[in-house]
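Work through these exercises with the sequence and the 3D view side by side. Try each task before you read its solution.

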Amino acid sequence: MLSIIIKIVKRFVPFSFYWPIKCFFMRGKIRRYRQRIPSLEKEIFSKEKINVLFLVTDISMWKYDGLFKLLVKDSRFIPYIIPVLNPHDSLDLQEKHQKEMKDYFLTYKSYSFVEGYDFQKREIFDPLKLTPDLVFYTQPYNQGYSVCRIEHLWKNALFLYTPYAFWIEKGSWGYNGLLHNIAWKLFYPTQIHLEHAQKYSWVKGVNVVVTGYPLADVFLDTKRKSENLWKVQKKDLKRIIWAPHHSILENDTLDYSNFLNIAEDMLYVADKYKDCIQIAFKPHPHLKRKLYKMQGWGIEKTNQYYLKWNDLPNTILVEGDYIDLFMTSDAMIHDCSSFSVEYLYVNKPVLYLTKNNHLDFLCNFGEMAFNMHYKGSTVDDVERFLKNVVVDGCDSMKIQRNMFMTKYLLPPYGRNVAENMFNEVVAPWNK
């Protein structure tokens, strides 16, 4: 009913008028749901078995691996993974993404996986068939393909969320969505993020727990052996990641991406320095979808461009999980917000390709992370970084990056992040 009212109001009433109306209805909905949380918690944690549903939008945004393994080991939980496909993608692309997730989670990881869409019958799987008690999200946005199922599930379920990216943006939009306000628990990486939630969310961050950032467990695991994704070379070459953001459209909320300005130049750089570097092209998962629909690119040109990065003798294309890529690299070039923090865990030189005044987008924590980067905006800046910092080894910022990681990025309480999250999930049994 609310969605119908909002659509009617949006069509005939200016934004400045309908936005307060939407907020009024949304706050009421949030208040009514949060009043039910204590009884839902009591009901759910009195069961012998608790069904846990993880809704996943993309492999590279999966941040629950450590927690999932702990839940599998605990006989009180039955965890499942369901892919949530992007309705803006073509059916062929949706099918490809679901197959990739199935191969990764079911075949490679041996996790309980349920296909979210039957492409033969053209039917969406109803998650209510699994009678979920706890529901984990990987994206908080109200864009149909992510949080659309909240109201479908919330009669008998509690919601949890840890950000799919290390949040460094300024403003309320990363802290005050529907999911942020109704979630039973939000797992945030630092005390600074808790303070932002207390400032911006309608519920003043009452549901936030500081656990650390999930990928820290992988990056800091000294026993873990990384898979070598790079091409075998006759001699050792420096391994560089280029990770462009997807914000290439005029109406994008963020304005980070330098991809359109530098796409062909990066292929030129790869060829020019083929005797001393390899480059891994690691695009944001949404970039391809936007290029498919962009005038001057389209499906054919985009596919050809992506394939070029596999064809050159010293380049590779990486579109999925990036942990091993980070661990086996020597440096990174990017314009992605989350990588501004995530790559600092490996303490290797990193160049940020700036566009306009990047600091306009960043919160105080984001500014500190951004200042751990070398900066540039042109292909000449890229070449200087590669020659001076990477190849010649003049990494003057290494000590600064190490100090930043020690102060802000290590998990709290002397435990790893997965354990911190798991302890919060089972907390009702320990009351």
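**Exercise 1. In what sense do E9 and strand E12 (residues 331-334) pair, and over how many bridges?**

Solution. First, some ground rules. This is a predicted model, where local features need pLDDT of at least 70, side-chain atom pairs count only at pLDDT 80 or more, and totals for chains, interfaces and linings use all residues. Residues are numbered from 1 along each chain as its sequence is written, and side-chain values use heavy atoms, with hydrogens and water left out.

Step 1. Know the labels: helices (H or I, at least four residues) and strands (E, at least two) are DSSP runs, numbered from the N terminus. Two strands pair if DSSP finds at least two bridges between them.
Step 2. E9 and E12 pair in the parallel sense, over four bridges.
Step 3. Find one position on each strand: Ile-241 is opposite Met-332 in E12.

**Exercise 2. Place E9 and E12 in their sheet: give the strand order.**

Solution.
Step 1. The order is E11-E10-E9-E12-E13-E14, an open sheet of six strands with parallel pairing.
Step 2. At the edges are strand E11 (315-317) and strand E14 (374-376), each pairing on one side only.
Step 3. Neighbouring strands here are turned by 20° against each other on average, direction ignored. Axes are lines fitted to C-alpha atoms, for helices over the stretch in contact, and angles run from 0 to 180 degrees between N-to-C directions.
Step 4. Add the helices. Helix H9 (residues 259-272) lies across several strands, including E9 and E12, and runs at about 145° to E10. Helix H15 (residues 379-391) also lies across E9 and E12, among others, and runs at about 165° to E12.

**Exercise 3. Describe the sheet that contains E5, then E5 itself.**

Solution.
Step 1. This open sheet of six strands reads E2-E1-E5-E6-E7-E8, with parallel pairing. Strand E2 (77-83) and strand E8 (208-210) each have a single partner strand, so one side of each lacks a neighbour in the sheet.
Step 2. Take the partners of E5. Strand E1 (residues 50-56) pairs with E5 over four bridges, in the parallel sense. Strand E6 (residues 158-161) runs parallel to E5 and is joined to it by four bridges too.
Step 3. Follow Phe-136 across: Phe-54 stands opposite Phe-136 in E5, and Phe-136 stands opposite Leu-160 in E6.
Step 4. Check the faces. In a regular strand, side chains alternate between the two faces of the sheet. In E5 (residues 134-137), Leu-134 and Phe-136 lie on one side, Val-135 and Tyr-137 on the other, and all are buried. Buried means under 20% relative accessible area, exposed over 50%, partly exposed in between (1.4 Å probe, protein chains only).

**Exercise 4. How do helix H3 (residues 65-73) and helix H17 (residues 417-425) cross?**

Solution.
Step 1. Their axes come within 8 Å and cross at roughly 55°.
Step 2. H3 and H17 are therefore oblique to each other. Angles under 35 degrees count as roughly parallel, over 145 as roughly antiparallel, 65 to 115 as roughly perpendicular and the rest as oblique.
Step 3. List the contacts (heavy atoms within 4.5 Å). Gly-66, Leu-67, Leu-70 and Leu-71 in H3 meet Ala-418, Glu-419, Met-421 and Phe-422 in H17.

**Exercise 5. Is Arg-224 buried, partly exposed or exposed?**

Solution.
Step 1. Locate Arg-224: the loop between helix H8 (216-219) and strand E9 (238-243).
Step 2. Its relative accessibility is 30%, so Arg-224 counts as partly exposed.
Step 3. Beyond residues up to four places away in sequence, Arg-224 touches Val-218, Ile-323, Asp-324 and Met-327.
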